[in-house]
Amino acid sequence: MTDSPSPTTPSRRLDPVALLAALAVVGAYARAIWFTPPERIQGYAQKILYVHAPAAWVAFLAFGLTALAGAGWLFLKDERLDRFAESSAEVGVVFTTAVLVTGPLWGRPIWGTWWTWDARLTLTLFLWFVYVGYLVLRGAVTGRESRARASAVLGILGALLIPFIHLSVYLFRTLHPMPVVARPEGPSMPPVMLTTFFLCFFAFTLLYVALVRARVAYAAERDALEDAAQG
Amino acid sequence: MSAPGVVATALRIARKDLAIEFRTRSAFLSALVLSLLAIVIFYFAWDPTAVGPAVLAPGVLWVTFTFSGLLGLHRSFGVEAEDGAMDALLIAPVPREAIFLGKALANLAFVLGVQAVSLPAVALFYNLPIGSAVVPLAAVLVLAAIGLVAIGTLFAGIAANTRLAELLLPVLALPFFVPVVMPAAQATAGLLAGRPLAEAMDWVRILIAFDLVFCWACMVVFPHTLDD
């Protein structure tokens, strides 16, 4: 196996989606930093939210799709679904980490504290725990099918857990700002900021797609190599 | 197999697990000693002149239950590892839901057994007046134990097939224990402070909902965690 050529030819070409995502991220944050006025009360700290909120959106999207892909795998047993779930979970953990890092940076000047046990903070923290556990589980199971099985089950239960954590910590107490963009009477934000926000959401979503594509390509090559090694 | 058949098979599996445990008593005694040790150590982890024992007790109780419960859950599939017992169980013509239910019932008996000793122990060491609250307190304990055991049994089954078995179970299970332990500890705190059960009903409702959703979900997904 060591001296035989690789069974697949890894593509070294740049993924056009990755290029697009990089451009979108640079463009959106150039606008957020230099061309969007700071918020009147929060000042420059508010600009952290241009990273925080889109990262949170991508994290929830990533974990939601992980759970769906897992459920799909249980029915279809298609390896591609499992590779997608694996990739999406990993990218989701990265974005959740970004949420958990940027949140305290904003919270310290605005709330006066790095951390508070507010409903959404706690929920995000526990999502992070669940999906770090998910990645640890994937690493601990040998055998591709058992791994897909176990992680599909964990992904589905993780999705079921969300309302319960939310409900219990909400009853505990909550301090998080109420939604300012998605609410029935329309967004309460100047149009210039709103546009920047939407651009950042768009850029991060593209970034998510690009990262997952790269991660899925890696997983496919790894599995192909494994198959080839086993003959 | 009909529903009564599943229950009968589950009871037989639970009886088998409890018989093994009763004859060796290894896990039960370890869990018991662990929980008593935890109760004692926690007492000295705080300054008793600053924080009253009655304030500490609910937290101590639930941290203790959580960790001693994990000890029993781990054993649940550990006993099947020897002599290919798990394979034999899978080959046997019983529905896999019955295997889950049987394991879960045995674990529930185990956790309730530990609780039956550690609750009086906490009352004794922390000088708690639990006399009037004992019935609603027991109800909260049972509701929480059902949720912990449903999740714990499923993850113990998953973790048993991995390279990291002992390490993996707490990493997987503890985040799922939060929506059980938090309401249970809050309800316990209210009851121990002499408040009526009606005040803690919001927490009890979360416990009941968690039990219903996760008992059902774990039983449905359990067959998928086993290799064909």
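## Overall fold of chain B

Chain B has 8 helices and 0 strands in its secondary structure. Reading from the N terminus, its elements run α-α-α-α-α-α-α-α. Do keep in mind while browsing that this is a predicted model.

How does the overall size of chain B fit its length? A compact globule of 228 residues would have a radius of gyration near 17 Å, and chain B has 18 Å, which agrees. Its C-alpha trace spans about 60 × 35 × 30 Å along the principal axes. Buried residues account for 46% of the 228 residues in chain B. Sequence-distant pairs are well represented too: among contacts in chain B between residues at least 6 apart in sequence, 84% join residues at least 24 apart.

## Chain A and its helix H6

Chain A is also built from helices, with 6 helices and 0 strands. Along the sequence its pattern is α-α-α-α-α-α. Of its 231 residues, 34% count as buried. Among the contacts in chain A with a separation of 6 or more, 78% come from residues 24 or more positions apart.

Helix H6 of chain A covers residues 191-229, and it offers a nice check on geometry. At 1.5 Å a residue, its 39 residues should span 57 Å, and the end C-alpha atoms are 57 Å apart, so the expected and modelled values agree. After H6(A) comes A:Gly231, which has a positive phi, near 85°.

## Where the chains meet

Turning to the interface, 23 residues of chain B are in contact with 25 residues of chain A. On the chain B side, helix H7 (165-192) and helix H8 (201-225) each supply at least two of the touching residues. Which helix gives the most to this side? It is H7(B), with 9 residues. By class, the side of chain B that touches chain A has 16 nonpolar, 4 polar and 3 charged residues.

## The nonpolar core

The largest nonpolar core holds 129 residues. Within this core, the residues that touch the most other members are A:Ala62, B:Ala144, B:Ile151, B:Phe155, B:Leu169, B:Ala184 and B:Leu207. The largest share of the core, 16 residues, comes from helix H6 (residues 134-160) of chain B. As general background, nonpolar side chains tend to be buried together in soluble globular proteins.

What does B:Ala144 touch, once residues up to four places away in sequence are set aside? Its partners are B:Val180, B:Ala184 and B:Leu207. B:Ala184 and B:Leu207 are themselves listed with B:Ala144 among the core residues that touch the most other members.

## Three residues up close

B:Val149 lies in helix H6 of chain B. This residue is buried, because 30 other C-beta atoms lie within 10 Å and 20 or more are enough to count as buried. Leaving aside neighbours within four places in sequence, B:Val149 is in contact with B:Ala104, B:Asn107, B:Leu108 and B:Val111. How far is B:Val149 from B:Ile130, 19 residues apart along the chain? Their C-alpha atoms are separated by 25 Å.

Over in chain A, A:Tyr134 sits in helix H4 (residues 119-140). Is A:Tyr134 buried or exposed? With 26 C-beta neighbours inside 10 Å, A:Tyr134 counts as buried. Beyond its neighbours within four places in sequence, A:Tyr134 is in contact with A:Ala89, A:Ser151, A:Leu154, A:Gly155 and A:Gly158. One of these partners, A:Ser151, is 17 residues from A:Tyr134 in sequence, with 6.5 Å between their C-alpha atoms.

B:Gly78 is found in helix H3 (residues 53-78) of chain B. This glycine counts as partly exposed because it has 15 C-beta neighbours inside 10 Å, a number between the cut-offs of 12 or fewer for exposed and 20 or more for buried. B:Gly78 and B:Leu169 are 91 residues apart in sequence, yet 12 Å apart in space, C-alpha to C-alpha. B:Leu169 is one of the core residues that touch the most other members.

## Confidence in the model

The model scores ipTM 0.86 and pTM 0.87. For chain B, the mean pLDDT is 87, and 99% of its residues reach 70 or more. Where in chain B is confidence lowest, and where is it highest? Helix H4 (residues 85-91) of chain B is lowest, at a mean of 82, while H6(B) is highest, at 93. H6(B) is also the helix that gives the largest share of the nonpolar core.

Technical notes. Residues are numbered from 1 along each chain as its sequence is written. Chains are lettered from A and ligands numbered from 1 in the order in which they are written. This is a predicted model: local features need pLDDT of at least 70, side-chain atom pairs count only at pLDDT 80 or more; totals for chains, interfaces and linings use all residues. Helices (H or I, at least four residues) and strands (E, at least two) are DSSP runs, numbered from the N terminus. The radius of gyration is taken over C-alpha atoms; the globule rule is 2.2 Å times the number of residues to the power 0.38. Two residues are in contact if their C-beta atoms, placed from the backbone, lie within 7 Å. Ala, Val, Leu, Ile, Met, Phe, Trp, Tyr, Cys and Pro count as nonpolar, Asp, Glu, Lys and Arg as charged, and the others, Gly among them, as polar. The expected span of a helix is 1.5 Å times one less than its number of residues. A nonpolar core is a set of buried Ala, Val, Leu, Ile, Met, Phe, Trp, Tyr and Cys residues joined through C-beta atoms within 7 Å. pLDDT is the predictor's confidence in each residue, from 0 to 100.
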